[in-house]
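Biologist: Before we discuss this model, I would like each label to be justified by its value and its cut-off. Could you show it to me first?

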Amino acid sequence: MTTDHFSRQYLTFGINREVFALDIARVREVLEVTEVCELPKTPDHMKGVINLRGHAVPVVDMRGKLGLGPGERTVDTCIIILEAGDGAGTLGVIVDSVRAVVRIECDDIEPAPRAGGFRQAEYVQGLGRSDGRFIILVDVDAIFAGEERPVPDRTGQVPAIEEPASAACPVS
């Protein structure tokens with residue numbers, strides 16, 4: 001169980017020098033970055049899909065989604081696989097690094113600031129305090145609301161992504 005009456009667990013990750021966190025109950029696994037098969041006509045933050053045990057999983061660049069600008073991939077860059085609500089389903093999220101699982105007491109969470117040009121405040125559940133610093137708590141449902149998913153066929157199955165003829169999209 002990830003929550004109790006007074007605290008909740010989060011998976012923390014880094015982008016630039018800031019620490020963000022996702023509710024651990026939404027996280028399925030963390031993967032090393034693999035090749036992403038780009039899809040045409042998608043927003044800049046939508047990087048494409050990866051093959052996760054035979055299923056096409058959309059991958060989103062969290063930097064782009066949060067409006068933090070491009071970054072370089074390093075050995076620490078990884079993909080967090082999570083379950084997003086509001087119809088978005090299973091998604092991969094590219095982040096600079098994954099740090100740790102932390103428990104934050106409910107009393108140590110402050111509301112997100114709504115002033116000072118904090119543009120992405122609708123994606124922020126609050127600011128959690130841990131080890132003397134603030135952690136930006138990302139609202140998974142809000143940030144991925146409206147992300148489109150592949151359209152299921154008549155049987156309700158999401159079509160598999162066909163392997164390309166070339167080796168442009170390696171299978172993990």
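Modeller: This is a predicted model, and a good place to begin is the open sheet of 6 strands, which runs in the order S8-S1-S2-S11-S10-S9 with mixed pairing.

Biologist: What makes strand S8 and strand S9 edge strands?

Modeller: Strand S8 (97-105) and strand S9 (109-110) each have a single partner strand, so one side of each is left without a neighbour in the sheet, and that places them at the edges.

Biologist: How do you know that strand S1 and S8 pair?

Modeller: Two strands count as paired if DSSP finds at least two bridges between them; strand S1 (residues 7-15) and S8 are joined over 7 bridges, in the antiparallel sense, so the criterion is met. Within this pairing, Leu 11 has Val 101 in S8 as its bridge partner.

Biologist: And what is the order of the strands in the open sheet of 5 strands?

Modeller: That sheet follows the order S3-S6-S7-S5-S4, and its pairing is mixed. Its edge strands are strand S3 (27-32) and strand S4 (46-52), each of which pairs on one side only, and the twist from one strand to the next averages 30°.

Biologist: Why do strand S5 and strand S7 count as a pair?

Modeller: The rule asks for at least two bridges, and 3 bridges join strand S5 (residues 55-61) to strand S7 (residues 89-95), so these strands, which run parallel, qualify as a pair. The bridge partner of Asp 61 in S7 is Ile 94.

Biologist: Why is the aromatic pair of Phe 13 and Phe 20 called stacked?

Modeller: Ring centres must lie within 6.5 Å, and planes under 30 degrees apart count as stacked; Phe 13 and Phe 20 are 5.6 Å apart centre to centre with 15° between the planes, so both conditions are satisfied. The count by this rule comes to 1 aromatic pair.

Biologist: What makes Phe 13 and Phe 20 buried?

Modeller: Buried means under 20% relative accessible area; Phe 13 has 0% and Phe 20 has 6%, so each of them falls under the cut-off.

Biologist: How does the protein chain look as a whole?

Modeller: The protein chain has 2 helices and 11 strands, and its elements run β-β-β-β-β-α-β-β-β-β-β-β-α from the N terminus on. Of its 172 residues, 40% are buried, while its accessible surface comes to about 10100 Å², 50% of which belongs to carbon and sulfur atoms.

Definitions and conventions:
Residues numbered from 1 in each chain as written. Predicted model: local features only at pLDDT ≥ 70, side-chain atom pairs only at ≥ 80, totals over all residues. Heavy atoms only, no water. Helix = DSSP H or I, 4+ residues; strand = E, 2+ residues; numbered from the N terminus. Axes fitted to C-alpha atoms, helices over the stretch in contact; angles between N-to-C directions. Buried < 20%, exposed > 50% of the residue type's maximum accessible area, 1.4 Å probe, protein only. Areas by Shrake-Rupley, 256 points an atom, 1.4 Å probe, with all protein chains shown as cover. Phe/Tyr/Trp six-rings, centres within 6.5 Å; stacked < 30°, edge-to-face > 60°.
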